[in-house]
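Subject: Structure for you to look at

Hello,

Here is the structure I said I would pass on, with my notes underneath. Please have it open while you read them.

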Amino acid sequence: MTHPRQRASDHKGQPITASKSSPSAADFQPEQYTEDLLAGYYDGVIGLDVSAHITLINKTACQITGWTQTEALQQPLHRIFKFVDTLQAKTCQEMISDIINNGQILGPIKNHQIQLRNGTILNIDFSISPLDEQTAILMFHEADHENSKQKNPLLYQFSHDSLTRLANRDTLQRAMHHLHNEFQQQGKAYSILLLDVDRFKLVNDNFGHQAGDQLLQLLAERMQHFIRSKDNIGRWGGEEFLCLLPDADHETACLIAQRLVQGIADQPFLLNQQKIHISASIGIASYPRDGDDPEQLLRVADNTLYHAKQNGRNRIHSTKQLTENIFSVGTQLENALNENRIIAVYQPIFDLMTGEQVAEEALARIQDENGELIPANDFIDAAVELQMVHRIDHQVIRTMVTRCYESFSQSKTSCPHFVNISADLLRHPQLVKDIIDFARSTCNEKCEQKQCEKKPFVIEITEQELLGEVDEVKKLLAPFIEFGMPLAIDDFGSGYSSLSYLADLPISYLKFDGSLIKRVAFEERARKIITGIQRMAESLELVTIAEHIENQQTLDALREIGVSWGQGYFSARPAE
Ligand code: C2E
Ligand code: MG
Ligand code: MG
């Protein structure tokens, strides 16, 4: 090995030595030198005296090791971190004094493990070089992060969460301040995403904490595929992750967030040979749109995350029961989707006055391995929670469109085919487009021949799925409406009735909730409510439909009130 003063230096893990412009030992000013050195390097730099005590430490070294400068100065190196395999079978002190006394560089050594004070094991590339007769310089960086370091040296300055190997909260905070200063100076936009794993507790409760930890590790890995190379993601705490997006305005941030949400929900995670479906909620904040400083942006992200969760909670609250076996239902669904075992059954809808069949509703079923049909009630809530329901909708609507085309070909009349859709489907514009393209190419010609004013498909959306801003809902439903598909509100009266939807959305059908219908013949209050809604619907020229008609008394009561159409076990059960 050559003496440091005879070699040029670089900062990519190569030995550091005094360069031509570096101060000589004679005029060496430790503080000044520290500042000069630190300005140019993104590696961790630690100055050591002959007894291996720390005489200087830069910020990166602090970030990687988890020590502050004040804490670390004058401490022996082995208190800051330990080399896992003793180098050259020497104590740290012997090693440093040898380097200084012999004037020889140690390293570069690649991929050597060190243990931090919190127990985390890190792989580092490092070298130790003598600086003068009293000092050696240890220079290091994390071995794994060479790539991201080259791409964005500022954001490389992370120390890591021991479980996920991502940046931890402290370093994320520091990185965010760096990012802010840089982008504020340049007058450019950046964004942050705060991501929280939905129902993580369920994973821990069902599979144990070890599985929960493993899931976080897999998630950390997977998320890297959905962010850009210049983005950085770290563990904010628990099951929360923070993602820093340089050069991303709000629109870009929304796209990345959408990609993350989909990327997490679309494919199951494999835990102990079991497929687990999870989803995540994300809060977004962008500079300068949402705030002037990192703290404010974090507050906004936290707030928007809370709202995302609230929407989720509303859905959870509205679902009949979030069963504990949600994950096994998820696996069953995943298999059924992959093996084309999601099918549709159809329940006729009758005109209550004439008794004529006027429409039908498509309902999803899983066909199990024995050919038995599992009703939607047993899996749809889990599918909503696991954000898999858009795939069911896609499958059922395509099946229904094909059936509609066939019935068109056979008969002259075109009775409307009702199909249920979810808010989850609306969040997948590409699938919506695919459905409409398919419907257009399959049925348009027939519709023109029969001069249908409206398309013979009606989309049903439940009240609780419509929770949210009317304008937003309108925008999401626009492709269906523009294509000419009438809209039905399902389960009206189930507790979420929002009359503003009736006023603001182009709704053609109103379906009374089954639980209300079951009471109509026996409870005066239920009867009054249905009568009131019926009158309002008439004034809005809506067709009303009663579901769950199970007996003659109910049918009679509904006829008396003047409800237009009905469906239920009394007339016909759903069938293939
Ligand atoms: P829904 O759209 O209100 O459908 C009516 C539900 O009531 C169906 O249950 C149907 O089988 C059942 N039903 C029909 N007549 C009677 C009756 O007389 N008495 C009783 N007690 N029940 C009756 P199913 O098929 O299990 O569906 C449950 C819910 O799942 C549906 O309620 C709908 O909200 C949802 N769903 C079904 N298929 C799909 C789908 O393809 N996509 C989406 N997003 N949701 C679906
Ligand atoms: Mg329905
Ligand atoms: Mg319903």
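Glu 361 is buried in this predicted model, because its relative accessibility is 3% and the cut-off for buried is under 20%. Glu 460 is buried too, with a relative accessible area of 1%. Both residues are donors to the magnesium ion (ligand 2).

The first metal site. The magnesium ion (ligand 2) takes its donors from Glu 361 (OE), Asn 420 (OD1), Glu 460 (OE) and Asp 490 (OD), at 2.0 to 2.2 Å. Along the sequence these donor residues have the spacing E-x58-N-x39-E-x29-D. Glu 361 sits in strand β14, while Glu 460 sits in strand β17 (residues 457–462), so this pair ties together parts of the chain that are 99 residues apart in sequence.

The second metal site. Asp 490 (OD), Asp 491 (OD) and Glu 547 coordinate the magnesium ion (ligand 3), with Glu 547 (OE) listed twice, at 2.0 to 2.4 Å. Here the donor spacing along the chain is D-D-x55-E. Asp 490 is in strand β18, and Glu 547 is in the loop between β20 (543–546) and α21 (552–561), so the two tie together parts that are 57 residues apart in sequence. Asp 490 and Glu 547 are both buried.

Which residue bridges the magnesium ion (ligand 2) and the magnesium ion (ligand 3)? Asp 490 does, and the two ions lie 4.0 Å apart.

Ligand 1. Asp 490 also comes up here: one of its polar side-chain atoms lies 2.8 Å from an oxygen atom of ligand 1. Glu 550 has a side-chain N or O atom 2.6 Å from a nitrogen atom of the ligand. For Lys 518, a polar side-chain atom is 3.5 Å from a nitrogen atom of ligand 1. On its own, ligand 1 has 800 Å² of accessible area, and the protein covers 90% of that.

The elements that supply two or more residues to the shell around ligand 1 are β14 (357–367), α14 (389–410) and β18 (487–492). Of these, β14 gives the most, with four residues. In total, 26 residues surround the ligand, and the closest are Arg 365, Asp 393, Asp 490, Glu 550 and Tyr 569. Sorted by class, the shell has eleven nonpolar, six polar and nine charged residues.

So strand β14 has a part in two places: it holds Glu 361, a residue of the pair tied together at the metal, and it gives four residues to the shell around ligand 1.

Cysteines. How many disulfides does a search of the whole structure find? The count is zero. Cys 404 is buried, with a relative accessible area of 2%. Cys 92 has a relative accessible area of 16% and also counts as buried, because the cut-off is under 20%.

One helix away from the topics above. In helix α8 (residues 200–207), the buried residues are Phe 200, Leu 202, Val 203 and Asn 204. Gly 208 follows α8 and has a positive phi, near 95°.

Those are my notes on the metals, ligand 1, the cysteines and the helix.

Regards

Notes. Residues numbered from 1 in each chain as written. Chains lettered and ligands numbered in written order. Predicted model: local features only at pLDDT ≥ 70, side-chain atom pairs only at ≥ 80, totals over all residues. Heavy atoms only, no water. Near = heavy atom within 4 Å. Polar contact = N/O pair within 3.5 Å; in protein donor to acceptor, adjacent residues only side chain to side chain. Areas by Shrake-Rupley, 256 points an atom, 1.4 Å probe, with all protein chains shown as cover. Nonpolar A, V, L, I, M, F, W, Y, C, P; charged D, E, K, R; others polar. Disulfide = S-S within 2.5 Å. Buried < 20%, exposed > 50% of the residue type's maximum accessible area, 1.4 Å probe, protein only. Donors = N, O, S within 2.8 Å, 3.2 Å for Na, K, Ca; no water.
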